[in-house]
Each structure stands twice: as C-alpha cells, then as structure tokens.
Amino acid sequence: MTDRLGWRRKFGVIAPSTNTIVQPEFAMLQVPGVTAHFSRIHIRDQNMDSDEGMERLLEQIRAEIQGACERVLTCEPDYMVMGMSAETFWDGVEGNRAFKKQITDITGLQVATGAEACERALHLYGAKRIGVVTPYQSVGDENVVKFFEELGFEVAAIKGLKCPTAVSIAHVTEADLRDAIHEVNGPDVDAIVQCGTNLCMTELADEAERWLDKPVIAINAATWWMALRDNGIEDQLQGYGSLLREH
C-alpha cells in the first residue's frame, strides 16, 4: 500500500520554527505524488544580530535536531530534506559530511542538504567563480566561503545581509535581494548562489537568470531539485530557475 497523496515519495523536512519561507516555497515546487512533511526545530532565542548570536542559534538547532528527526519519522518518510542551510555549510566540507551522517544515523534515510545541492548545481553548470548572497553575520559568511573554497570554487564576492533575527530574514525585500545580486555579480562571475532558506528567492532567481544570462541558484529550489533527482523523479518545473526547468 502507498500513501494516497505521496504515492511516489514522502519527504521528511526539518526546518527551524522561525522559518516562514521554506515551507511555502517547497509547496510551490511540489510535483504530483510527492509530499513534504515538516518537523520544526524549536528556536527559543532567535536573536542573530552578532556572530555570537548566530552561534547561539546554531547551538539551539544542534540540541533539537534529533528530536525533530524522530518526530517526522513517525509519518514514515522515504527521504529527508533539510529546510535550513547554515548548519549544512558549517565547518566546510567535513562539517557537511558529518551533518549528513548524523541525520542518516538518526533516521536511516538519505538526506538532501542545501550545501551539497549547491555544490551539485555548480558542477552541473561548470561554474568556477561565484557570487554569494546570504542573510548571515560575518561568521556565517566565513563558513559558506570555507565550504565552497574547499571544493575548489572561487568566491569572487559575498554579500551577508546581517539580518538581526531569524524571523527577520523573511522580511528582506525583493528590491534588497535584487541589489545584493547585482552587488556580487561581475563579468568574471559564472554563477550566483543564494544561501539561507528563510530568504524568499526562488522566483526572483528565475527572473535574475534572464537579466544576467547566467545561473542564479536559490537554495530552496536547489535542495528540492536534489531531493527529487535523488529519488528518480525527473519532473521539470517552470518559473523557479533553470535548474528545475532544464536539469
């Protein structure tokens, strides 16, 4: 017997309780027979207006991650998806591998992370030099740069928006995101990457690819793309970037 709605795959998704963007964006990206089932990490202190604040936010995620995974396992998902990104970049490539192993050890399932999804997308596009937009403080940007540079990419420019709280990430306007994209772009930049699953970027990234004539990788679109393709689901979607439309 298969699930009436998730007859192809059920994805278990882990997201912070403060995140208001990743769930509706994943809903926009759904394809027939695939369903997403969210488990929330309780964020009690959402202040991230300094490096120390951002570290405290990640400490809360680490303390809650096992419980969040165990809760979503009760709906018997087929695959795990991380609806958060900072922790998937932390401590570079080895940090990402350790995080993935932690999730798989808890759940017994494979997992899509934003960091690995961006890596796959950049290799697919043949990108070498990238511009990056994040909502993070400096410590977050440093970990993002570490991850990409350890993989051999050159981060030509990074714009950290330094959002003061976890909820305020979702308040960043389209105009501000558009300015940030232009700020990290340049004639020698092969692709733009957006980190931070609570930044509303998926549809804007699709538009930006037309202005810039280069890949603009929104992390929610990339993570969903990785999850679909890992599960043999090749459906293509219009309006959410070339990654889901063409690959």
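1. In this predicted model, the buried residues of helix 2 are Gly53, Met54, Leu57, Leu58, Gln60, Ile61, Glu64, Ile65, Ala68, Cys69 and Val72. An α-helix has 3.6 residues a turn, so residues three or four places apart point the same way. The buried residues of helix 2 pack against three strands and three helices, namely strand 1 (9–16), strand 2 (34–41), strand 3 (79–82), helix 3 (86–89), helix 4 (92–107) and helix 6 (138–150).

2. The geometry of helix 2 deserves a careful look, since two descriptions of it should be read together. Helix 2 comprises 23 residues (51–73) and spans 33 Å between its first and last C-alpha atoms, close to the 33 Å expected at 1.5 Å a residue. A bend of about 45° is nevertheless found in helix 2 at glutamate 64, a residue that is also listed among those buried in this helix.

3. Two residues with positive phi may be worth checking by eye, neither of them a glycine. Glutamate 76 has a phi near 60° and is placed in the loop between helix 2 and strand 3; because its relative accessibility is 59%, and over 50% is the criterion for exposure, glutamate 76 counts as exposed. Aspartate 91 has a phi near 65° and is placed in the loop between helix 3 and helix 4; with a relative accessible area of 48%, aspartate 91 is partly exposed.

4. One open sheet consists of 4 strands in the order 2-1-3-4, with parallel pairing. Strand 2 and strand 4 (111–112) are at its edges and have a single partner strand each, so one side of each lacks a neighbour in the sheet. Strand 1 pairs with strand 2 in the parallel sense over 8 bridges, and lysine 10 has threonine 35, in strand 2, as its bridge partner. Helix 9 (residues 219–230) lies across strand 1, strand 2, strand 3 and strand 4, and runs at about 170° to strand 3.

5. A second arrangement to consider is the open sheet of 4 strands whose order is 6-5-7-8, again with parallel pairing. Its edges are formed by strand 6 and strand 8 (216–218), each of which has a single partner strand, so one side of each is left without a neighbour in the sheet. On average, and with direction ignored, neighbouring strands of this sheet are turned by 20° against each other. Helix 6 packs on this sheet, where it touches strand 5 (129–134), strand 6 and strand 7, and its direction makes about 160° with that of strand 6. Helix 9 also packs on the sheet, touching strand 7 and strand 8, and its direction makes about 75° with that of strand 8.

6. Strand 7 can be followed through its pairings. Strand 5 and strand 7 run parallel and are joined by 4 bridges, with glycine 131 opposite isoleucine 192 in strand 7. Strand 7 (residues 191–194) also pairs with strand 8 in the parallel sense, over 3 bridges; here valine 193 stands opposite isoleucine 217 and glutamine 194 opposite alanine 218. Ala191 and Val193 point one way from strand 7, whereas Ile192 and Gln194 point the other way, and all are buried.

7. The nonpolar interior brings several of these elements together. In soluble globular proteins, nonpolar side chains tend to be buried together. The largest nonpolar core has 86 residues, of which Phe11, Ile14, Met80, Leu122, Ile130, Phe148 and Val193 touch the most other members. Leaving out residues up to four places away in sequence, leucine 122 touches Ala127, Ile130, Phe148, Phe153, Ala191, Val193 and Ile217.

8. Isoleucine 158 offers a view of the edge of the second sheet. This residue lies in strand 6 (residues 154–160), one of the two edge strands. Is isoleucine 158 buried or partly exposed? Because its relative accessible area is 30%, and the partly exposed class lies between 20% and 50%, isoleucine 158 is partly exposed. Beyond its neighbours within four places in sequence, isoleucine 158 is in contact with Val132, Thr134, Asp141, Val144, Val145 and Val184. The C-alpha atom of isoleucine 158 is 29 Å from that of methionine 80, a residue 78 positions away along the chain; Met80 is itself one of the core residues that touch the most other members.

Terms used. Residues numbered from 1 in each chain as written. Predicted model: local features only at pLDDT ≥ 70, side-chain atom pairs only at ≥ 80, totals over all residues. Heavy atoms only, no water. Buried < 20%, exposed > 50% of the residue type's maximum accessible area, 1.4 Å probe, protein only. Contact = heavy atoms within 4.5 Å. Core = buried A, V, L, I, M, F, W, Y, C linked by side-chain atoms within 4.5 Å. Expected span 1.5 Å × (residues − 1). Bend = angle between axes of the 7 residues up to and from the residue. Pairing = 2+ DSSP bridges. Axes fitted to C-alpha atoms, helices over the stretch in contact; angles between N-to-C directions.
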